[in-house]
Amino acid sequence: MGTLHQQLQATFRWIGDRTDPDYRADPTGWWRDPEILAELGPALASLFWDENPTVVVATQSRGTLLGTLVAVCLGIGMTEVRKGANRAADSDAWWEATTAPDYRDSQLRLGARKSLLKSGDRALFVDDWIATGAQAQATQEIVERSGATWVGAAVVVDGLERSHLRRALNLRAVLNIRDLM
């Protein structure tokens, strides 16, 4: 993974001007590089080979991009966890949970269709970045409500602010935020 680490670092940037109170992470260079895209799915999947996941769960939108790559690599399907999910009809059943405040101090309502996440599934959460862990925790709650088993969270960047969540989420990452400073 040494080469992937170097590629991720080289194509990542922090965005902000001198007068801005802080900088924002910009991983969009990762999506533009076909070599990185080809390696990200296997790199994230390899973090959980030993857990035998049967489904990837990922939040819109970057999570679903990466989740699809991981699902293809593992030969399994993916369930999208939508932000602010709305039912298409009364019969459109969803598992839902509300996040704790996220990095913007906002709460989100997350949902996954019940028909796509079943008891007996072994769910692997995938995302590009974790900071507060709010979306991962809410997704874990959805997984547990469905009767599925949470196997862990695979992310590109671990920037988790609350270190005690690493164990609770079984978090594994390709990079630590310190690698991008």
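# Helices, cores and aromatic pairs in a predicted model

The side chains of T59 and Q135 are joined by a polar contact of 3.3 Å, where a polar contact is a pair of N or O atoms within 3.5 Å, of which, within protein, one must be able to donate a hydrogen and the other to accept it, and where residues adjacent in sequence count only if both atoms are side-chain atoms. The model is a predicted one, in which local features need pLDDT of at least 70 and side-chain atom pairs count only at pLDDT 80 or more, while totals for chains, interfaces and linings use all residues. Residues are numbered from 1 along each chain as its sequence is written, and side-chain values use heavy atoms, with hydrogens and water left out.

## Around T59 and helix α5

T59 belongs to strand β3, which covers residues 55–59; helices (H or I, at least four residues) and strands (E, at least two) are DSSP runs, numbered from the N terminus. Leaving aside neighbours within four places in sequence, T59 is in contact (heavy atoms within 4.5 Å) with T64, V81, K83, L110, F125, V126, D127, Q135 and T139. Among these partners, Q135 and T139 also appear in the list of buried residues of helix α5, which is made up of A134, Q135, A136, A138, T139, Q140, I142, V143 and S146.

Helix α5 itself runs over residues 134–146, and its 13 residues reach 19 Å from the first C-alpha to the last, close to the 18 Å expected at 1.5 Å a residue; the expected span is 1.5 Å times one less than the number of residues. After α5 comes G147, which has a positive phi near 90°.

## Helix α3 and the cores

Helix α3, residues 34–46, likewise has 13 residues and spans 19 Å between its first and last C-alpha, close to the expected 18 Å. At its start, a side-chain oxygen of D33 comes to within 2.8 Å of the backbone nitrogen of E35. Further along α3, a kink of about 25° is found at L40, shortly before the proline P42, the bend at a residue being the angle between axes fitted to the seven residues ending there and the seven starting there. I36, L40, G41, A43, L44 and A45 are the buried residues of α3.

L44 of this helix is also one of the residues that touch the most other members of the 27-residue largest nonpolar core, a group that includes L8, V70, L124, V126, V156 and V174 as well. At least two residues of this core come from each of α1 (2–11), α3, α4 (62–74), β7 (122–130), β8 (149–158) and β9 (171–176), and the largest share, five residues, is supplied by α3. A second, separate core has 23 residues, including A97, A138, V155 and L169. A nonpolar core here is a set of buried Ala, Val, Leu, Ile, Met, Phe, Trp, Tyr and Cys residues joined through side-chain atoms within 4.5 Å. Not counting residues up to four places away in sequence, V70 touches G41, L44, A45, V56, L124 and V126.

## Aromatic pairs

Rings of Phe, Tyr and Trp (its six-membered ring) pair if their centres lie within 6.5 Å, and planes under 30 degrees apart count as stacked, over 60 as edge-to-face and the rest as tilted. By this rule there are six aromatic pairs. One of them, formed by W14 and W129, is edge-to-face, with 6.0 Å from centre to centre and 85° between the planes. Since W14 lies in strand β1 (residues 13–15) and W129 in strand β7, this pair ties together parts that are 115 residues apart in sequence. The ring centres of W30 and W31 are 5.9 Å apart and their planes stand at 85°, so this pair is edge-to-face too. One aromatic cluster is formed by F12, W14, W30, W31 and W129.

## D26, W94 and a comparison of burial

D26 has its place in strand β2, residues 24–26. The side chain of D26 makes a polar contact of 2.6 Å with the side chain of R13 and another of 2.6 Å with the side chain of T28. Leaving aside neighbours within four places in sequence, D26 is in contact with T11, F12, R13 and I15.

W94 is found in strand β5, residues 94–98. W94 and E80 lie 14 residues apart in sequence and 12 Å apart in space, C-alpha to C-alpha.

In the table, buried means under 20% relative accessible area, exposed over 50% and partly exposed in between, with a 1.4 Å probe and protein chains only.

| Residue | Relative accessible area | Class |
|---|---|---|
| W30 | 0% | buried |
| T59 | 1% | buried |
| W94 | 5% | buried |
| D26 | 8% | buried |
| W129 | 18% | buried |
| W14 | 30% | partly exposed |
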